[in-house]
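Biologist: Got a minute to walk me through this one? I'd like to start with the overall fold and then get into the packing.

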Amino acid sequence: MESTKVSQIILALNEKLDPQGLMIIKNVLEKVDDKNYDAIIASISGLKSPTTILIISIFLGQFGVDRFMTGRVGSGVCKLIFGWFTLGIWWLVDVIIAKKATYAYNLQTLQTALQMLS
């Protein structure tokens with residue numbers, strides 16, 4: 001793909017991926033055909049904002065909503081049912097790792113979308 005298009009995509013992903021994830025996606029994008037540009041832009045719109053997930057984790061994390069939103073449905077159900085046993089420790093840990101979990105979810109989602117385009 002053209003370097004200008006790759007730069008535009010990386011700029012759009014700047015908030016949604018950590019620096020390591022940006023480098024991984026940049027390397028993959030350089031090998032993707034230009035005709036897939038619109039599909040890649042469309043897949044970016046489905047990514048989660050780490051700041052939004054952090055806020056949701058703070059206010060609704062005790063119910064597992066943050067885990068549901070980042071694709072961890074099984075542990076979200078467990079947190080919903082059994083989270084009160086931990087007396088808030090599970091919630092606190094999830095608040096601390098919310099951004100990292102969102103970066104991982106976004107990277108996984110984007111890599112899956114790019115593999116389907118290749």
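Modeller: Sure. Helices here are DSSP runs of H or I with at least four residues, numbered from the N terminus. Read along the sequence, that gives the pattern α-α-α-α-α-α-α. Keep in mind that this is a predicted model.

Biologist: How many helices and how many strands is that?

Modeller: Seven helices and zero strands.

Biologist: And what box do the C-alpha atoms fill?

Modeller: Roughly 50 × 20 × 20 Å, taken along the principal axes. The chain exposes about 7,000 Å², and carbon and sulfur atoms supply 66% of that.

Biologist: What share of the residues is buried?

Modeller: Buried residues are 34% of the 118 in the chain. As for contacts between residues at least 6 apart in sequence, 66% of them join residues at least 24 apart.

Biologist: Okay, the core. Which residues touch the most other members of the largest nonpolar core?

Modeller: Ile-9, Leu-13, Ile-25, Leu-29, Ile-40 and Leu-110, out of 17 residues in that core. At least two core residues come from each of α1, α2, α3 and α7. The largest share is from α1, with four residues.

Biologist: Let's take one of those. Where does Leu-110 lie?

Modeller: In helix α7. Leu-110 counts as buried because its relative accessibility is 1%, and the cut-off for buried is under 20%.

Biologist: What does Leu-110 touch, leaving out residues up to four places away?

Modeller: Leu-13, Leu-17, Ile-25, Ser-43, Ile-44 and Leu-47. Take Ile-44 from that list: it sits 66 residues from Leu-110 in sequence, yet the C-alpha atoms are 7.3 Å apart.

Biologist: Leu-13 was on your core list too. What is Leu-13 in contact with?

Modeller: Setting aside neighbours within four places, Leu-13 is in contact with Leu-22, Ile-25, Ile-44, Leu-47 and Leu-110.

Biologist: Ile-25 keeps popping up. Which residues of its helix, α2, are buried?

Modeller: Helix α2 runs over residues 19-29, and Gly-21, Leu-22, Ile-25 and Leu-29 are the buried ones. They cover an arc of only 100° around the axis, so they are on the same side of α2.

Biologist: Why would that spacing put residues on one side?

Modeller: An α-helix has 3.6 residues a turn, so residues three or four places apart point the same way.

Biologist: Fair enough. What's on the other side of α2, and what covers the buried residues?

Modeller: Pro-19 and Gln-20 are exposed on the other side. The cover over the buried residues includes α1 (3-13), α3 (37-44) and α7 (89-117).

Biologist: Switching helices: which residues of α4 are buried?

Modeller: In α4, residues 50-60, it's Pro-50, Ile-53, Ile-56 and Ser-57. Down the axis they fall within an arc of 120°, so they line one face of the helix. What covers them includes α5 (65-69) and α7.

Biologist: Any odd backbone angles? I care about those before setting anything up.

Modeller: Leu-87 has a positive phi of about 55° although it's not a glycine. Leu-87 is in the loop between α6 (73-82) and α7.

Biologist: Is Leu-87 buried or exposed?

Modeller: Exposed, because its relative accessibility is 76%, and the cut-off for exposed is over 50%.

Biologist: Back to α1 for a sec. What about Ser-7 and Ala-12 there?

Modeller: Ser-7 lies in α1 and is partly exposed, with a relative accessible area of 48%. Ala-12 is also in α1, and is partly exposed at 40%.

Biologist: How far is Ala-12 from Ser-45, C-alpha to C-alpha?

Modeller: 9.5 Å, with their positions 33 residues apart along the chain. For Ser-7 and Asn-27, 20 residues apart in sequence, the C-alpha distance is 11 Å.

Biologist: Last one, charges. How many positive and negative side chains are there?

Modeller: There are 11 positive and 9 negative, and the centres of the two sets lie 7 Å apart.

Terms used. Residues are numbered from 1 along each chain as its sequence is written. This is a predicted model: local features need pLDDT of at least 70, side-chain atom pairs count only at pLDDT 80 or more; totals for chains, interfaces and linings use all residues. Side-chain values use heavy atoms; hydrogens and water are left out. Buried means under 20% relative accessible area, exposed over 50%, partly exposed in between (1.4 Å probe, protein chains only). The arc is that of the directions from the helix axis to the C-beta atoms. Contact means heavy atoms within 4.5 Å. Accessible areas come from the Shrake-Rupley method with a 1.4 Å probe; for residues, only the protein chains shown count as cover. Lys and Arg count as positive and Asp and Glu as negative; His and the chain ends are not counted. The place of a charge is taken as NZ of Lys, CZ of Arg, CG of Asp or CD of Glu. A nonpolar core is a set of buried Ala, Val, Leu, Ile, Met, Phe, Trp, Tyr and Cys residues joined through side-chain atoms within 4.5 Å.
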